[in-house]
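Here are a few notes from my look through this one, written for someone who will have the structure open alongside. Skim the points in any order you like.

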2 protein chains.
Amino acid sequence: MNDTTHALAIRELIDRLSRLNAAEDWNGPLNPSQFAALAYLARANRFSRSPSHVADYLATTRGTASQTLKALARKKLINETRSEADKRSIRYDVTGDGRALLDEPASDLSDVIDELPSETVECLAGSLKTLVLAILRKRSGRSFGICRSCRHFAPQAGGGYCSLLEVPLNKSDSEEICHEHEAA
Amino acid sequence: MNDTTHALAIRELIDRLSRLNAAEDWNGPLNPSQFAALAYLARANRFSRSPSHVADYLATTRGTASQTLKALARKKLINETRSEADKRSIRYDVTGDGRALLDEPASDLSDVIDELPSETVECLAGSLKTLVLAILRKRSGRSFGICRSCRHFAPQAGGGYCSLLEVPLNKSDSEEICHEHEAA
DNA sequence: TGCAATAGTTTCGACTCGCTACTATTAAAT
DNA sequence: ATTTAATAGTAGCGAGTCGAAACTATTGCA
């Protein structure tokens, strides 16, 4: 089996795994897209929680992301806040109910990963991450890394400073996902 | 980072990869489900090409699978054949047009996999396959292996014999996916 | 013979998804 | 300073997924 055949097989396996995972309702009352959006919002800093950012992260359009977020808001899992600075933009914050839903929901997939030898798990996590980053680079998309590891981040007492957005950052800002992230 | 955290991360990476892959339209005029169903039908033997089997493979319901297959039939990519033996059941065969669509469509994901060191690719393919099989076993689902590797398969001149379905098999039957497959 | 299981379909409601068209706001160019 | 272009978000459309439930038509049992 050569590499190209492997590539096809891997593509199919990834599709199948995500189907098997989606078929199980570990995600409570949410469909896969809604859960993914909610999980993203919970890990993104306050500069990265708009419909556009979610659309970028989920590799979909602003229209679709907008609807998904409206659905989450209807279910009281996120709150809508209009920005003061830029009156066009909106920020969504995860509510208490929303966070409760995200508390490590177990799934067959998680269980099965836990049973793999830790060496295999390392390899798997590493190579999947490599694949995601490589695809994003290929499409010149955002990498969605952690703020603190960005080249625009400058450490300061009690947090840091972003030289791109030109704003001071508190500790939690700097530990969350940022849409503007660029590797150092 | 412990194993449970890894499990969550891997689950998210798989979801994200399949989204990134789905967002690209390497699959022509088909959506991801339709493409997956078509690809399955092209690799399944004549005993494994019904709506129920597709539903099992895609981890969805018969209703949904039925609709997906009707959509493919409308597009002339598969043909419907009613069974003589069991008048309830239907078999779908991939048409020439259908096969043409499946010819190794390139994608960012394939390209990126090809760039990984072959050692990593082996590990990735292996562990993903392990995960799929483990989940299926956990849910007592079908493994969808190749006919020839099944414990009900007996090699014979020009093909083989299935001791479960009690039918003679030609060469191509035995090289395709079978719904009844059980590891030897 | 009669009843339960099976194969497939249909319909419903909620939703995804890409798309286009549209409003409001902000930024850039003249 | 004013026009123009870009950006953020939304609404509506059509095709389709998805689970669930209700519904035929067969087939298999007891």
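Which helix and strands of chain B each supply at least two residues of the lining of the second largest pocket?

1. Helix H3 (51–58), strand S1 (78–82) and strand S2 (90–94) of chain B are the ones that do. Keep in mind that this is a predicted model. H3(B) gives the most to that lining, with three residues.

2. As for the pocket itself, the volume of this second largest pocket comes to about 420 Å³. It is lined by 18 residues, and those closest to its centre are Ser50(B), His53(B), Ser83(B), Ser89(B) and Ile90(B). Sorted by class, the lining holds seven charged, seven polar and four nonpolar residues.

3. Now the two chains. Chain B superposes on chain A after a rotation of 180° with 0.0 Å of shift along the axis, at an RMSD of 0.0 Å. The two copies are therefore related as by a two-fold rotation axis. Both copies use the same surface: 100% of the contact residues of chain B recur in chain A.

4. Chain B also has an open sheet of three strands, in the order S3-S4-S5, with antiparallel pairing. Strand S3 (153–156) and strand S5 (167–170) of chain B are its edge strands, each pairing on one side only. On average, neighbouring strands in this sheet are turned by 30° against each other, direction ignored.

5. One pairing to look at in that sheet: strand S4 (residues 159–162) of chain B is joined to S5(B) by four bridges, and the two run antiparallel. Here Tyr161(B) stands opposite Pro168(B) in S5(B).

Terms used. Residues are numbered from 1 along each chain as its sequence is written. Chains are lettered from A and ligands numbered from 1 in the order in which they are written. This is a predicted model: local features need pLDDT of at least 70, side-chain atom pairs count only at pLDDT 80 or more; totals for chains, interfaces and linings use all residues. Side-chain values use heavy atoms; hydrogens and water are left out. On a 1 Å grid over the protein atoms alone, a cavity is a set of points where a 1.4 Å probe fits but cannot get out, and a pocket is an open set with protein on both sides within 12 Å along at least five of seven lines; lining residues have an atom within 4 Å of a point. Grid points are joined across faces, edges and corners, and a volume is the space filled by probe spheres set on the points. Ala, Val, Leu, Ile, Met, Phe, Trp, Tyr, Cys and Pro count as nonpolar, Asp, Glu, Lys and Arg as charged, and the others, Gly among them, as polar. Copies are superposed by least squares on the C-alpha atoms of residues with pLDDT of at least 70 in both. Contact means heavy atoms within 4.5 Å. Two strands pair if DSSP finds at least two bridges between them. Axes are lines fitted to C-alpha atoms, for helices over the stretch in contact, and angles run from 0 to 180 degrees between N-to-C directions.
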